[in-house]
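This report describes the helical framework, the nonpolar core and the chain contact of the structure shown below. Please keep the structure in view while reading.

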Amino acid sequence: MSAESQPGAPLPRIAQQEEAELVRRSLAGDREAFGRLVERYAAQARRVARAVLRNPDDADDAAQDAFLAALTKLDRYDPGRPFGPWLMRIVANAATDRRRRRAVRQAEPLAAELVGGGRRPDAEAERAALGERLLEALAQLPERRRLAVVLFDVEGYPHAEIARILGVPEGTVRSEVFHARRRLRQLLADWKEAR
Amino acid sequence: MSAQDFMGFDHHPDPELGAALRAALEPRDQAAFVARVMARFDQARAVVPAWEVLARWAGRGIAAAALLALAAALALGRGQAPGSLDEALIAATDPGTSVTTALLVGEGPPDPGTVFAAVVGAER
């Protein structure tokens, strides 16, 4: 799955074959091939890492660690399967490990001024405020729930792939996405109402 | 939450929520991040050839050490064998003993000149 593909869009067969070829070349030490994989998945890896680690710098460090860890594990990648979920599992683990190591503090309650959803002077500021509120709300969710909703609604992975990424049953993923959406949709609805 | 709510809720991605979350999580300066990862990739690759070079050096080092050890053994053993041609010839005066045999049964290494003489003599 391409990082820039639309959510839910199935991975074209040719893209998967191309990725398998890029992996094969990367494994042989081809810098350009590895660079193309990094470019293709950088944004997605950083978003997923940020779903776990609120600090953008920590998230980038985790995403970088994940790419380098993936490089050392490329020989274990099954080219018959899509590369994205395999990489995202490494990203999620790297982010979780980093969060544990650094003992990142639990999210604070939503700031009062953000909960109120007051009007902002311009669209840019409104988007920034909404983004901040969503990040705050996301941070209040359990980690697995955060990852599930981001992987499903942002990255477009199907439940079955997310189950493999998170190492949980598919039904658990459905439940996690459901609960996360309920919370986040409520936030969006409040935001719209307040505007 | 009813069972119907749960079953009918999450089969497809929610474009509105997905877009809002994507905007919130969207990282900045993608090119800088990619460059950073590739710099680490280059560092990692630079380490591997260094080890390969060390491995090659190790191979040559072992060979050199073996040669040195052999040379040292030869030097230590000098004097205990029929090192000179004269000694070899004397040893060869015994019935059934050639110069070459005398050199081979000696306890120490022969003098190169002796070996040469033995070889030349054998060719005659």
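Leaving aside its neighbours within four places in sequence, with which residues is Val91(A) in contact? In this predicted model, the partners of Val91(A) beyond that window are Ala45(A), Val48(A), Ala49(A), Ala63(A) and Ala66(A).

**Fold of chain A**

Chain A comprises 9 helices and 0 strands, and the order of its elements from the N terminus is α-α-α-α-α-α-α-α-α. Of its 195 residues, 37% count as buried. Among the contacts in chain A with a separation of 6 or more, 70% join residues 24 or more positions apart.

**Nonpolar core**

The largest nonpolar core contains 55 residues. Those with the most contacts inside this core are Ala45(A), Val48(A), Ala49(A), Val91(A), Ala148(A) and Leu151(A). The element that gives the most to the core is helix α2 (residues 31-52) of chain A, with 11 residues. In soluble globular proteins, nonpolar side chains tend to be buried together.

**Contact between chains A and B**

Chain A provides 37 residues to the contact, and chain B provides 26 residues. On the side of chain A that touches chain B, at least two residues come from each of α2, α3 (56-73), α6 (123-140), α7 (143-154) and α9 (170-194). Helix α2(A) gives the most to this side, with 11 residues. The residues of this side of chain A are divided by class as follows.

| Class on the side of chain A that touches chain B | Number |
|---|---|
| Nonpolar | 20 residues |
| Polar | 6 residues |
| Charged | 11 residues |

Helix α2 of chain A thus appears twice in this account: it gives the most to the largest nonpolar core, and α2(A) also gives the most to the side of chain A that touches chain B.

Terms used. Residues are numbered from 1 along each chain as its sequence is written. Chains are lettered from A and ligands numbered from 1 in the order in which they are written. This is a predicted model: local features need pLDDT of at least 70, side-chain atom pairs count only at pLDDT 80 or more; totals for chains, interfaces and linings use all residues. A nonpolar core is a set of buried Ala, Val, Leu, Ile, Met, Phe, Trp, Tyr and Cys residues joined through C-beta atoms within 7 Å. A residue is buried if 20 or more other C-beta atoms lie within 10 Å of its own, exposed if 12 or fewer, and partly exposed in between; C-beta atoms are placed from the backbone. Helices (H or I, at least four residues) and strands (E, at least two) are DSSP runs, numbered from the N terminus. Two residues are in contact if their C-beta atoms, placed from the backbone, lie within 7 Å. Ala, Val, Leu, Ile, Met, Phe, Trp, Tyr, Cys and Pro count as nonpolar, Asp, Glu, Lys and Arg as charged, and the others, Gly among them, as polar.
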